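Thanks for asking me to go through this one with you. Here are my notes as numbered points, so keep the viewer open and follow along.

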Amino acid sequence: MRLGLVIDLDVCVGCHACAIACKEWNASGTIGPLSDYQPYGAEPSGVWFNRIRHFEMDEYPNNKTVNFPMSCNHCEDADCVTVCPTGASYKRAEDGIVLVDQDKCMGCNYCSWACPYGARELDRSSGTMKKCTLCVDRIYDQNLPVEERQPSCVLTCPAHARMFGDFDDPDSAVSRVVRERGGYGLMPELNYNPTNQYLPPRRKPVIEMSGAPKGGLKESIKQFANRLVRR
Amino acid sequence: MHPAFSVIFFTVASGAGFGLFSLLFIADTFKLGGGFERDQLVAGGLIAMALVVFGLLSSTFHLANPKNAWRAFSRFRTSWLSREGVFAMIFMPLALIYLASIMFDAPLWLREISGFLTAVLAWITVFSTGMIYACLKTIRQWNTPLVPANYLALGYASGSLLLLLGAVISGLDTMPYIAMSALIVAIAAVLKAIYYFWIRDPGLSPTINTATGLTRAKVKLLDTGHTHGTFLTQEFGYRLARKKAGLIKTLVFVIGFGLPGLMLIAVFNGESGQFAALAAALGGLIGAAMERWLFFAEARHVVNLYHGAQRC
Ligand code: SF4
Ligand code: SF4
């Protein structure tokens with residue numbers, strides 16, 4: 001098995017719900033807590049497995065905002081694992097999930113240097129490296145209903161921009177959608193072979209904007225009234 | 001990259017220590033300048049080992065969870081950081097055998113073989129230190145064979161200057177030591193110059209387009225999505241003004257290579273030799289520390305592409 005996520009950049013609305021759900025689940029999960037520093041202070045900061053950035057593609061009038069969630073890509077050729085001197089970082093043979101053994105990590109940060117995607121964050125309270133577990137403590141839980149055996153972020157996403165599945169199975173929903181929509185991995189030139197795939201924003205026609213405001217008596221009265229009213 | 005002082009001190013001190021020890025072996029084998037006496041050799045060897053040990057100890061200061069540091073020897077097969085630790089640990093007993101065989105007049109073959117193996121281990125360890133950085137595909141300023149070459153050259157340059165200081169203090173014929181230092185410092189300077197030249201050109205490095213996969217148009221960051229700094233901005237966000245980098249590069253060459261060069265001439269002319277040799281060694285070490293600081297400060301990790309950089 002090669003478990004991972006598909007993230008639909010065309011659909012993501014950038015609400016950060018997946019990041020919150022991730023934090024909620026994992027703070028009490030196997031790798032928790034996810035320490036916060038000054039959560040109510042002037043400079044709030046802390047450990048997150050999932051961060052959403054916002055980009056703008058192209059220029060007006062062809063511009064588009066692309067919301068960009070990122071977490072561990074559970075890479076096939078994960079240098080974060082090979083560089084780890086303690087053996088704390090490992091990739092599971094059975095499903096490809098990359099994990100950090102909190103009992104072995106010495107907090108040297110070396111693996112975070114090796115990750116191109118910023119997926120690893122040191123927890124300054126425990127002194128150990130933390131990262132996305134693909135909710136390994138959910139997806140195999142026999143006590144949960146089958147449809148809930150998915151990562152927290154996937155279940156939460158209100159836009160259904162996230163999918164979870166096995167990329168080794170060519171007929172899985174994730175494999176099919178990646179084929180159909182031209183899904184891709186990030187920074188392929190570094191050869192990490194990320195498992196997570198991103199679906200590109202669809203091409204859409206430019207929305208015509210009306211040029212000059214309509215003239216006429218009604219419009220000029222409206223503008224006159226607008227000037228009179230104090231807002 | 002954020003320059004961590006414990007790592008700077010570690011790489012400079014251990015590099016000088018390993019360099020000093022291997023050159024000490026060469027000086028002993030060929031009895032350079034008349035050859036050091038037994039006690040002087042042992043003292044020099046112990047100083048070199050102290051530099052290595054202090055360096056290794058200081059490197060554990062940047063660990064967030066040092067109680068697991070002993071596990072760092074376990075991934076010898078894949079991790080250069082692990083290899084460096086293992087090689088350094090093999091170096092120690094070999095170095096002690098060499099020093100003991102000098103001390104207790106052991107047969108020459110034991111002294112030579114243990115000395116040779118120690119020198120080789122020193123070389124491999126410094127090479128491993130360089131490879132810790134050079135193997136990272138995420139930082140183009142580091143991902144070059146010039147990095148282990150620089151680490152080796154600078155370690156041996158500062159080691160040779162320390163050895164020269166020892167030769168001056170011990171009253172040996174300084175000529176061979178001056179020649180050795182001049183050669184190694186010159187090689188180190190040339191390699192460093194090539195490195196600085198090399199990293200100016202971004203080459204085929206990742207861009208914001210390949211990082212996001214949005215390759216069909218210009219892409220720019222609107223919002224990083226975090227309120228305040230994160231681990232990523234603290235660790236990788238360090239930015240150095242180009243002017244300041246240029247100034248430090250000049251200082252590296254003036255203090256790290258130029259000053260020792262001038263002082264070598266002074267030692268050669270016999271003008272206040274001890275002071276000149278001391279100045280040369282200090283200049284070499286300070287220059288190496290500045291070079292190391294810049295090595296970190298100038299490195300741009302590709303994660304910066306997700307924080308607004310257009311290319312790394
Ligand atoms: S995304 Fe980073 S942390 Fe995750 S497997 Fe790839 S290199 Fe490792
Ligand atoms: S921080 Fe922990 S997991 Fe990462 S390389 Fe160091 S020991 Fe391994």
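1. Let's begin with the rings. Keep in mind that this is a predicted model. Over all chains, the structure holds 28 aromatic pairs. One of them joins B:F231 and B:F236, whose ring centres are 6.4 Å apart. The planes of B:F231 and B:F236 make an angle of 80°, so the pair counts as edge-to-face, a label for angles over 60 degrees. Both B:F231 and B:F236 are buried.

2. Next, find the aromatic cluster that draws on both chains. Its members from chain A are A:Y110 and A:W113. From chain B come B:Y133, B:W142, B:Y151, B:Y195, B:Y196, B:F253, B:F257, B:F295 and B:F296.

3. Two rings of that cluster also have a charged partner. B:K192 places its charged end over the ring of B:Y196, 5.0 Å from the ring centre. B:R292 lies over the face of B:Y151, and here the distance to the ring centre is 4.0 Å.

4. Now turn to ligand 1. Which residues come nearest to ligand 1? They are A:C72, A:N73, A:C75, A:C80 and A:C115, out of 14 residues around it. Sorted by class, the shell around ligand 1 has ten nonpolar, two polar and two charged residues. A:C72 is buried, with a relative accessible area of 7%.

5. Ligand 2 deserves a look as well. There are 13 residues around ligand 2, and A:C84, A:T86, A:C105, A:C108 and A:C111 come nearest. The shell around ligand 2 has nine nonpolar and four polar residues, but no charged residues.

6. With so many cysteine names on the page, you may wonder about disulfides. A disulfide is a covalent bond between the sulfur atoms of two cysteines. The count over all chains comes to zero. Why does B:C135 have no such bond? The closest cysteine sulfur, in A:C108, is 12 Å from the sulfur of B:C135, which is too far for a bond. B:C135 is partly exposed, with a relative accessible area of 22%.

7. Here is a small detail in helix α1 of chain B, which covers residues 5-29 and includes B:S22. A polar atom of the B:S22 side chain lies 2.6 Å from the backbone oxygen of B:F18. Is B:S22 buried or exposed? B:S22 counts as buried, at 4% relative accessibility.

8. Sequence distance and spatial distance are worth comparing at B:Q141. This residue lies in the loop between α4 (108-134) and α5 (146-169) of chain B. B:Q141 and B:A299 are 158 residues apart in sequence, yet their C-alpha atoms are 5.5 Å apart in space. At 5% relative accessibility, B:Q141 counts as buried.

9. Finally, please check some backbone angles. Most residues other than glycine have a negative phi, and most peptide bonds are trans. A cis peptide bond joins A:G32 and A:P33, with omega about 0°, and A:P33 lies in the loop between α1 (17-27) and β2 (36-37) of chain A. Another cis peptide bond links A:Y60 to A:P61, with omega about 5°; A:P61 is in the loop between β4 (51-57) and β5 (64-70) of chain A.

10. Positive phi values belong on your list too. Phi is near 65° at A:H16, which is partly exposed at 21% relative accessibility. For A:C135, phi is near 50°. A:C135 sits in the loop between β9 (128-130) and α4 (136-139) of chain A and is buried, with a relative accessible area of 5%.

Technical notes:
Residues are numbered from 1 along each chain as its sequence is written. Chains are lettered from A and ligands numbered from 1 in the order in which they are written. This is a predicted model: local features need pLDDT of at least 70, side-chain atom pairs count only at pLDDT 80 or more; totals for chains, interfaces and linings use all residues. Side-chain values use heavy atoms; hydrogens and water are left out. A residue is near a molecule or strand if one of its heavy atoms lies within 4 Å of it. Ala, Val, Leu, Ile, Met, Phe, Trp, Tyr, Cys and Pro count as nonpolar, Asp, Glu, Lys and Arg as charged, and the others, Gly among them, as polar. Rings of Phe, Tyr and Trp (its six-membered ring) pair if their centres lie within 6.5 Å; planes under 30 degrees apart count as stacked, over 60 as edge-to-face and the rest as tilted. Buried means under 20% relative accessible area, exposed over 50%, partly exposed in between (1.4 Å probe, protein chains only). A charge sits over a ring if NZ of Lys or CZ of Arg is within 6 Å of the ring centre and within 35 degrees of the ring normal. A disulfide is a pair of cysteine sulfur atoms within 2.5 Å. Helices (H or I, at least four residues) and strands (E, at least two) are DSSP runs, numbered from the N terminus. A polar contact is a pair of N or O atoms within 3.5 Å; within protein, one must be able to donate a hydrogen and the other to accept it, and residues adjacent in sequence count only if both atoms are side-chain atoms.
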